[in-house]
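This report describes how charged and nonpolar side chains are arranged in one protein chain. The sequence and structure are shown first.

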Amino acid sequence: MLVASMNEVEFGYTDVPCLQDASVEIQSGEFVAVTGPNGAAKSTLLKLLLGLLQPWKGKVFLSSTNKNGVKLRVGYVSQQIAAFNVGFPSTILEFVRSGRFANGSWLRKLCKEDDQQTEKALRQVGMWELRNRKIGELSGGQKQRICIARALAQEPDMLVLDEPTTGMDQESRFGFYELMHHQVKAHGRTVIMVTHGLSEVAPYLDRIIELERKEDGGWKCCTTTSCSGHFVPVG
């Protein structure tokens with residue numbers, strides 16, 4: 001099932017496009033990596049797929065339902081570590097539990113299942129024992145883990161992760177790749193991840209979207225998927 005796609009998309013933040021003639025297809029139940037040098041519009045690609053940015057030209061599709069015909073749930077983890085300063089008042093448990101409201105009204109009372117899914121997500125990223133600590137006390141890698149846990153607590157059909165292993169040591173990174181591989185194979189989830197560590201994660205992937213520099217200084221999309229396009233560095 002096609003869950004997300006871009007067709008001949010062009011986009012830029014100024015009057016100069018950073019993304020041109022880009023076409024991408026993401027199928028349900030795949031582990032897909034987006035990789036390439038800094039400035040190659042990787043984060044922009046994710047935001048366009050999610051509808052957070054609107055293209056200048058072309059079409060972007062994000063399925064409204066999952067393969068079972070139920071509303072598609074998307075868990076998105078951006079590059080947001082710096083948003084948690086030392087004064088951030090929430091505990092880890094409170095922060096991850098808040099992800100459960102994505103499945104219903106903010107006014108509803110959380111139930112036993114919400115608590116169970118919150119605990120499961122924290123255990124999956126190795127942060128359950130620290131659940132009562134304040135977020136502002138955590139290291140960068142720990143903050144990244146709880147953002148991932150919050151996304152997992154939503155029980156998403158699709159996980160969209162922008163450099164999720166930033167701040168993690170090697171052991172934690174490989175544990176994370178195993179976890180994402182499990183989410184895809186055991187639960188049928190779709191995982192789209194921006195990464196610089198392609199050599200590490202490659203054995204776990206179904207497909208790769210790789211952005212490379214063109215001879216004229218722009219970017220081209222060389223991929224094992226049906227993706228094409230030009231990526232131009234932002235001056």
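## A buried aspartate and its partner

D114 is buried, because its relative accessibility is 1% and the cut-off for burial is under 20%. The model discussed here is a predicted one. In this model D114 pairs with R100 in a salt bridge whose closest N and O atoms lie 2.8 Å apart. The two residues belong to distant parts of the chain: D114 sits in helix α3, R100 in the loop between α2 and α3, and 14 residues separate them. R100 also counts as buried, because its relative accessible area of 4% falls under the 20% limit.

## A network around R100

R100 has a further salt-bridge partner in E155, with an N to O distance of 2.9 Å. This contact again joins distant parts of the chain, since E155 lies in the loop between α4 and β6 and R100 in the loop between α2 and α3, 55 residues apart. Is E155 buried or partly exposed? With a relative accessible area of 22%, E155 is partly exposed, because the buried class ends at 20%.

Taken together, R100, D114 and E155 form a network of salt bridges.

## A salt bridge between two helices

A search of the whole structure finds eight salt bridges. One of them connects R173 and E200, with 2.8 Å between the closest N and O atoms. R173 is part of helix α5 and E200 part of helix α6, so that distant parts of the chain, 27 residues apart, are linked. Both R173 and E200 are buried.

## The nonpolar cores

In soluble globular proteins, nonpolar side chains tend to be buried together. The largest nonpolar core in this model has 36 residues, and the members that touch the most others are F31, V96 and M180. At least two residues of this core come from each of β3 (31–35), α2 (92–97), α3 (112–124), α4 (140–153), β6 (158–162), α5 (170–187), β7 (190–194) and α6 (198–201). Helix α4 gives the largest share, seven residues.

Which residues does V96 touch, leaving aside those up to four places away in sequence? The contacts of V96 are T118, A121, L122, I146, A149, R150 and A153. A second core, separate from the largest one, holds 24 residues, among them V3, I26, L46 and V194.

How values were computed:
Residues numbered from 1 in each chain as written. Predicted model: local features only at pLDDT ≥ 70, side-chain atom pairs only at ≥ 80, totals over all residues. Heavy atoms only, no water. Core = buried A, V, L, I, M, F, W, Y, C linked by side-chain atoms within 4.5 Å. Buried < 20%, exposed > 50% of the residue type's maximum accessible area, 1.4 Å probe, protein only. Helix = DSSP H or I, 4+ residues; strand = E, 2+ residues; numbered from the N terminus. Contact = heavy atoms within 4.5 Å. Salt bridge = Lys/Arg side-chain N within 4 Å of Asp/Glu carboxyl O.
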